[in-house]
Amino acid sequence: MTDVILAAAVFGGDQAVKRFMEKKLNFHEEKPVCNGFMTLTKHHNSGSAGNCFQGKKDLLIAISSAILGGVCVLLAMIKKRQGKVYLRLAYSLILGGGFSNLYDRLTLGYVVDYFRFSKMPKPIRKLVFNFADIAVFLGGFLVLLGNIGFSEEVS
């Protein structure tokens, strides 16, 4: 049950921030925060990470739906066994973030992104993210760490 709560919290939190940013920021308006480390800005991404697959909404919806369906199955399989807490956390983050961005694509036709890292190397500094993206990245990172041996089994 905590898996569903975490995924719902990621989804709800990201959607709330997206709606707030949609109302409060103009397109490409920039507001530095965290001593300039991050910049708040509103961006509508009709593609995927790094603006790849621009204008391929149906393809992105199909790919996202298939991946999220697979992650749901993996989470259900893991829940039947004791242990693998890091995987439950990872899959919950991926599901919450993935469903938030999928919801945007289905309802708006694009994903609302709202911050970028201003003090990172130039290729990263150009990218605009949202909280859902970070949740998916962290979930994927946890899966990777667990698969290369940096996890603990909990029984």
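**Exercise 1.** Work out how K31 is classed by accessibility, and which residue K31 pairs with.

*Solution.* Start with the surface: K31 has 38% relative accessibility, so K31 counts as partly exposed (buried means under 20% relative accessible area, exposed over 50%, partly exposed in between, with a 1.4 Å probe and protein chains only). Next, look for a partner: K31 forms a salt bridge with E29, and their closest N and O atoms are 3.8 Å apart (a salt bridge is a side-chain nitrogen of Lys or Arg within 4 Å of a carboxyl oxygen of Asp or Glu). Finally, check E29: at 24% it is partly exposed too.

Before you go on, note that this is a predicted model, where local features need pLDDT of at least 70 and side-chain atom pairs count only at pLDDT 80 or more, while totals for chains, interfaces and linings use all residues. Residues are numbered from 1 along each chain as its sequence is written, and side-chain values use heavy atoms, leaving out hydrogens and water.

**Exercise 2.** Find how far apart D14 and K18 sit in helix α1, and whether they are buried or exposed.

*Solution.* Count along the helix first (helices are DSSP runs of H or I, at least four residues, numbered from the N terminus). D14 and K18 are four residues apart, so about one helical turn separates them. Their salt bridge has its closest N and O atoms 2.8 Å apart. Both residues are buried. Now widen the view: D14, K18, R19 and D104 are linked in a network of salt bridges.

Methods
Helices (H or I, at least four residues) and strands (E, at least two) are DSSP runs, numbered from the N terminus.
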